[in-house]
Amino acid sequence: GLKAGEQVWIALDVAASELWKDGQYGRTLEIGEVKAHFEDLLARFRTDYIDIGVIHLIDGEEDFNAVFQGDILAYALSLKDKGVIRKLGLSSHNPVWALKAAKSGLLDMLLFSINPAYDVLSEKSPRPRALQSDLFDGVPLDNGINRVREELYRYCAQAGIGITAMK
């Protein structure tokens, strides 16, 4: 079979996690729940480490501050220092907050919504949940990619931060 960490890497939420609790799918930024969820994931995967620990869904200032100024980032970094996670990642749909996180110098990987449809939208646009016929109304056709997204992609390339595309 394939060997974890060699031919296959395991990536799991390490913080700001999506979780399944009491029959419901949810999300938490509460450090006690984050820790319990991560320990549960390690047990379920029958491993004592993961290759990439992903801080999940940082799409706004409130989430960014809760993670980067609170206990969650410290917890993730302590796991990395102990070798429980090998690389630190973050997921986001918002280029402003993804770029700010990348520029922290702490990330090895970014899970980001690279999509030609998203790339032309303003960074202030809400994340589309469905493709509406008026989604691109008012978007100039000659401007190309959104400038903040372009800066994010270039910064990650220069800093050696891998981007895994979603959506």
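Six helices and seven strands make up the secondary structure of this protein, and the model you're looking at is a predicted one. Read from the N terminus, the elements run β-β-β-α-β-α-α-β-α-β-α-α-β. Of the 167 residues in the protein, 42% are buried. Sequence-distant pairs show up a lot in the contact list: taking contacts with a separation of 6 or more, 68% of them link residues 24 or more positions apart.

Let's go inside. In soluble globular proteins, nonpolar side chains tend to be buried together. Here, the largest nonpolar core has 35 residues. Val14, Phe38, Ile55, Leu88, Leu90, Leu110 and Leu152 are the ones with the most contacts inside that core. Val14 is a handy place to start clicking around. Setting aside residues up to four places away in sequence, Val14 touches Val34, Phe38, Gly53, Val54, Ile55, Tyr75, Ala76, Leu79, Ile85 and Leu88. Three of those partners, Phe38, Ile55 and Leu88, are also on the list of residues with the most contacts in the core.

Now hop over to strand 4, which spans residues 50-55 and is where you'll find Ile52. Is Ile52 buried or exposed? Its relative accessibility is 12%, so Ile52 counts as buried. Ile52 also gives a nice example of a long-range pairing: Trp9 is 43 residues away from it in sequence, yet the two C-alpha atoms are 7.5 Å apart in space. Trp9 is in contact with Ile52, as are Ile10, Ala11, Leu12, Lys87, Gly89 and Met109, once neighbours within four places in sequence are left aside.

The loops on either side of strand 4 each hold a backbone oddity. Most residues other than glycine have a negative phi, and most peptide bonds are trans. Arg46 has a positive phi, near 55°, and sits in the loop between helix 1 (31-44) and strand 4. Leu57 has a positive phi too, at about 60°, and is not a glycine either; its loop runs between strand 4 and helix 2 (61-68). How do they fare for exposure? Arg46 counts as exposed because its relative accessibility is 77%, whereas Leu57, at 16%, counts as buried.

Keep going past Leu57 and you reach helix 2, which packs against helix 4 (residues 95-102). Two packed helices are described by the angle between their axes and the distance between the axes. For helix 2 and helix 4, the angle is about 20° and the axes are 10 Å apart. That angle is under 35 degrees, which means helix 2 is roughly parallel to helix 4. The crossing of the two is right-handed. On the helix 2 side, Glu61, Phe64 and Phe68 do the touching, and they meet Trp97, Lys100 and Ala101 in helix 4. Sorted by class, this contact has four nonpolar, no polar and two charged residues.

Helix 4 itself is mostly covered, with six of its eight residues buried. Which residues of helix 4 are buried? They are Pro95, Trp97, Ala98, Leu99, Ala101 and Ala102. Trp97 and Ala101 therefore appear twice, as buried residues and in the contact with helix 2. Helix 2 is part of the cover over the buried residues of helix 4, which also includes strand 5 (85-92), strand 6 (109-112) and helix 6 (147-159).

Terms used:
Residues are numbered from 1 along each chain as its sequence is written. This is a predicted model: local features need pLDDT of at least 70, side-chain atom pairs count only at pLDDT 80 or more; totals for chains, interfaces and linings use all residues. Side-chain values use heavy atoms; hydrogens and water are left out. A nonpolar core is a set of buried Ala, Val, Leu, Ile, Met, Phe, Trp, Tyr and Cys residues joined through side-chain atoms within 4.5 Å. Buried means under 20% relative accessible area, exposed over 50%, partly exposed in between (1.4 Å probe, protein chains only). Contact means heavy atoms within 4.5 Å. Helices (H or I, at least four residues) and strands (E, at least two) are DSSP runs, numbered from the N terminus. Axes are lines fitted to C-alpha atoms, for helices over the stretch in contact, and angles run from 0 to 180 degrees between N-to-C directions. Angles under 35 degrees count as roughly parallel, over 145 as roughly antiparallel, 65 to 115 as roughly perpendicular and the rest as oblique. A crossing is left-handed if the near helix is turned anticlockwise from the far one by less than a right angle, and right-handed if clockwise. Ala, Val, Leu, Ile, Met, Phe, Trp, Tyr, Cys and Pro count as nonpolar, Asp, Glu, Lys and Arg as charged, and the others, Gly among them, as polar.
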